[in-house]
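Here's a quick report on one structure, with the sequence and model below. Have a look at the fold and then at what surrounds the ligand.

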Amino acid sequence: MKLLCSDCGQPAPADALFCAHCGGLLAFELDTAAIDGAVLRALVRSRRTSNAHRDRSGVWRYRELLPALDPDRIVTLRENDVPLYAAIDGARYAGLDGASYLHLGMNPTGSFKDAGMTVAVTHAAQSGARVAICASTGNTAASMAAYASRAGVQALVLVPSTGISESKVAQTLDYGAVVLGIEGDFDAALAMVRRLDPRRVAIVNSVNPYRIEGQKTAAFVMLEQRDWKVPDWFVLPGGNLGNTSAFGKGFREAYALGLIDRLPRIAVVQAAGAAPFARLFASGGEMVPVKAQTTATAIKIGAPASWKKALREVRGTNGTVISVDDATIADARAVIGRDGIGCEPASAASLAGAKALVASGTIGASDDVVLVLTGHMLKDTAYAAEYHSGSARFANAIVHARSPGELSARIDELATARAGA
Ligand code: F0G
């Protein structure tokens, strides 16, 4: 695999993070002509019956499509072994005949970041790194901390000192990371990290091309579970836009390898208060950063690093980018909960966005739609508790029963209600 600048195409050394010529982000180029798609498809399927860690991982199972790393020294927690669930209430809510959730929150640390981190930390450890660093709204931090600890690398995370989920910070501390709270927001934290020398400290934000290689495998995991049947639409939340770039790359490679016969259309959904990419997509031009504001704290990002890569991927699939407000995200999140699944607020942008795209006629009611859930429900329980303590549309208040008689009456009431439903 060759490492090239994703903007000017110049080759880059394997340990570089940005292009020495133009400062652009780097990307690996897979030689798809050297791989037989049919042989690969059979090989990855056969690995599902293996008990070897590298075969059970939904990332390393596709190792022929990843950068060359020593497969006997990978840092894995069996990431990306994740389900595709039918969206029942969710489909109805969006106005779709059917839809499914690709739940990347079912990863070892509860978010999609693990798929990228297993590759980025494996690379860092095999390169002899002592310290790994990232800027984060919480999930990258937790994921990096877990993988770095297992690799014997010290994790150092930069997070905004206010306005991120406490559960994520607690998780990050638990895995042994040093947590540095800064006065600024995620964008300020990432700007600080980007100024560091990558030969001194392993930078594992999604500007790191190894992260993208790991995350692209989620496209394969989803397609494989559908026996390589391509959905019409693939809807995901967008923040820093690494994940959009990764999925786009995964779909392109699957297509080039003959594993799929067309590309799904990618729809990126941003929170209205953190939607510079949606604005750029609608009006063209360069990225104009914003001061981000949203209660979906994971995607509270105003200057997305991977916007150029993401824009090429979205355009290449005839996709779209929209934004939805926080109240809509909150309701959509509660609906996903009622499907018995749940997710964190940022993830619910997918369902909220799908609903808006069905309403505008962009997505048809009978289209085959996959909604990406990027983080687990337990990532932000404070948000859920607050939602249910209010009067929002799907709020579900705590009921108090003071006596056995009251409990008994309540059971009858609920049974009658369900019978009539
Ligand atoms: N969903 C969740 C749950 C996230 O944590 C993030 C990003 C996104 C969506 C957006 O993904 O940045 O690739 O477009 N979280 C980062 C973090 C920024 O630090 O955990 P993206």
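## The sheet

Strand β6, at residues 154–160, runs parallel to β7, and 5 bridges join the two. If you want one of the paired positions to click on, try Pro 160: its bridge partner in β7 is Ile 182. Keep in mind that this is a predicted model.

Zoom out a bit and you get an open sheet of 4 strands, in the order β7-β6-β5-β8, with parallel pairing. Which strands sit at the edges? Those are β7 (178–182) and β8 (202–203), each of which pairs on one side only. As a reminder, strands of a sheet pair through backbone hydrogen bonds, either parallel or antiparallel.

## Around the ligand

Now for the ligand. The space it takes up is the largest cavity. There are 20 residues around the ligand, with Ser 136, Thr 137, Gly 239, Asn 240 and Thr 374 the closest. Sort the shell by class and you find 11 polar, 7 nonpolar and 2 charged residues. Two helices to pick out here are α5 (139–151) and α9 (242–256), since each supplies at least two residues of that shell.

## Polar contacts and cover

What does the backbone offer to the ligand's oxygen atoms? At Asn 240, a polar backbone atom is 2.7 Å from an oxygen atom of the ligand. At Thr 137, a backbone N or O atom lies 2.8 Å from a ligand oxygen. Lys 113 brings in its side chain: an N or O atom there is 2.9 Å from a nitrogen atom of the ligand.

And how much of the ligand is covered? On its own the ligand has 470 Å² of accessible area, and the protein covers 99% of that.

Terms used
Residues are numbered from 1 along each chain as its sequence is written. This is a predicted model: local features need pLDDT of at least 70, side-chain atom pairs count only at pLDDT 80 or more; totals for chains, interfaces and linings use all residues. Side-chain values use heavy atoms; hydrogens and water are left out. A residue is near a molecule or strand if one of its heavy atoms lies within 4 Å of it. A polar contact is a pair of N or O atoms within 3.5 Å; within protein, one must be able to donate a hydrogen and the other to accept it, and residues adjacent in sequence count only if both atoms are side-chain atoms. Accessible areas come from the Shrake-Rupley method with a 1.4 Å probe; for residues, only the protein chains shown count as cover. On a 1 Å grid over the protein atoms alone, a cavity is a set of points where a 1.4 Å probe fits but cannot get out, and a pocket is an open set with protein on both sides within 12 Å along at least five of seven lines; lining residues have an atom within 4 Å of a point. A molecule sits in a cavity or pocket if more than half of its atoms lie within 2 Å of its grid points. Ala, Val, Leu, Ile, Met, Phe, Trp, Tyr, Cys and Pro count as nonpolar, Asp, Glu, Lys and Arg as charged, and the others, Gly among them, as polar. Two strands pair if DSSP finds at least two bridges between them.
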